[in-house]
Amino acid sequence: MSSIKNHVQLIGNVGQEPSVTKLENGKKVARFSLATNEYYKDSKDEKHTDTNWHAVVAWGKTAEIIEQYVSKGKEIGIVGKLKTRSYTTDDGNQRYVTEVEANEILLLGSK
C-alpha cells in the first residue's frame, strides 16, 4: 500500500515551452505547466469545461526526455508525487509552492 501514498497521475496538455536548466553537477531539471480538463453538462444540458493548471518539475533522465520531445500544446501523461517547497521573497514574506514531481512521462497524441 505504500506505493499509492502521495501518488499522482495526470494526462493533459503542456501550457508553455518547458524550461530546462543544467545544474552545476550536470543534472538537468525541467519545469512546465500542465493543463488538465474535465468536461460536464449542467442542469440545462449545456457542456462546460473545467481546466486545472499544475506546476510540474522533472529531474535527470526524465528532464532530458522532456527537453527533447515535449513542447507547448503536446499531450502527455505523467506519474509522480506532490512536493511542497518554501522560499522567502525579497521583502521577507514566506511563500509556498506545491508542484508535481514527475518521475515517469508518457508521450501521447500525434507527432
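Glu75 touches Ile11, Gly12, Asn13, Leu107, Leu108 and Gly109, once residues up to four places away in sequence are set aside. That's in a predicted model, so keep that in mind throughout. Glu75 sits in strand β5, one of six strands that share the protein with one helix. Right next door in sequence is Ile76, one of the residues with the most contacts inside the largest nonpolar core.

**Glu75 and Ile76**

- How exposed is Glu75? Its relative accessibility is 34%, so Glu75 counts as partly exposed, between the 20% and 50% cut-offs.
- Glu75 and Gly92 are 17 residues apart in sequence, yet their C-alpha atoms are 38 Å apart in space.
- Ile76 has a long contact list, leaving out neighbours within four places in sequence: Leu10, Ile11, Gly12, Val14, Phe32, Leu34, Val70, Ile105, Leu106, Leu107 and Leu108.
- Ile11, Gly12, Leu107 and Leu108 turn up among the contacts of Glu75 and also among those of Ile76.

**The nonpolar core**

- The largest nonpolar core holds 15 residues, and Phe32, Leu34, Val56, Ile76 and Ile78 have the most contacts inside it.
- Which elements give two or more residues to this core? They are β1 (8-14), β3 (28-41), β4 (47-59), α1 (60-69), β5 (75-88) and β6 (94-107).
- Two of the well-connected core residues, Phe32 and Leu34, are also in contact with Ile76.

**Strand pairing and hairpins**

- From the N terminus on, the elements run β-β-β-β-α-β-β.
- β1 and β3 pair in the antiparallel sense over two bridges, and here Val14 stands opposite Leu34 in β3.
- Strand β2 (residues 19-22) is also antiparallel to β3, with four bridges; Ser19 stands opposite Arg31 in β3.
- The hairpin of β2 and β3 has five residues between the strands, and Gly26 takes a positive phi near 90 degrees there.
- How many bridges join β3 and β4? There are 13, again in the antiparallel sense, and Ser33 stands opposite Ala55 in β4.
- β3 and β4 form a hairpin too, with five residues between them, and Asp45 in the turn has a positive phi of about 65 degrees.
- If you're tracing side chains along these strands, remember the general rule: in a regular strand they alternate between the two faces of the sheet.

**Helix α1**

- Thr62 has its place in helix α1. With a relative accessible area of 12%, Thr62 is under the 20% cut-off and so is buried.
- Beyond its neighbours within four places in sequence, Thr62 is in contact with Ala102, Asn103 and Ile105. Ile105 is also one of the contacts of Ile76.
- Glu64 and Lys61 both lie in α1, three residues apart, which is about one turn of the helix. Their side chains meet in a salt bridge (4.0 Å, N to O).
- Is each partner exposed, partly exposed or buried? Glu64 is partly exposed, with a relative accessible area of 34%, whereas Lys61 counts as exposed at 59%.

**Salt bridges**

- The structure holds five salt bridges, including the one between Glu64 and Lys61.
- Asp45, the turn residue with the positive phi, meets Lys41 in another salt bridge (3.9 Å, N to O). Both Asp45 and Lys41 are exposed.
- The side chains of Arg85 and Glu99 meet in a salt bridge too (3.1 Å, N to O). Arg85 lies in strand β5 and Glu99 in strand β6, so this pair ties together parts that are 14 residues apart in sequence.
- Arg85 is partly exposed, with a relative accessible area of 36%, while Glu99 is buried at 9%.
- Salt bridges that share partners join Arg31, Arg85 and Glu99 into one network. Arg31 is the residue in β3 that Ser19 stands opposite.

**Whole-protein numbers**

- The C-alpha atoms fill a box of roughly 55 × 40 × 35 Å along the principal axes.
- Buried residues make up 27% of the 111 residues.
- The protein exposes about 8000 Å², and carbon and sulfur atoms supply 46% of that.
- Among contacts between residues at least 6 apart in sequence, 56% join residues at least 24 apart.

Technical notes
Residues are numbered from 1 along each chain as its sequence is written. This is a predicted model: local features need pLDDT of at least 70, side-chain atom pairs count only at pLDDT 80 or more; totals for chains, interfaces and linings use all residues. Side-chain values use heavy atoms; hydrogens and water are left out. A nonpolar core is a set of buried Ala, Val, Leu, Ile, Met, Phe, Trp, Tyr and Cys residues joined through side-chain atoms within 4.5 Å. Buried means under 20% relative accessible area, exposed over 50%, partly exposed in between (1.4 Å probe, protein chains only). Contact means heavy atoms within 4.5 Å. Two strands pair if DSSP finds at least two bridges between them. Accessible areas come from the Shrake-Rupley method with a 1.4 Å probe; for residues, only the protein chains shown count as cover.
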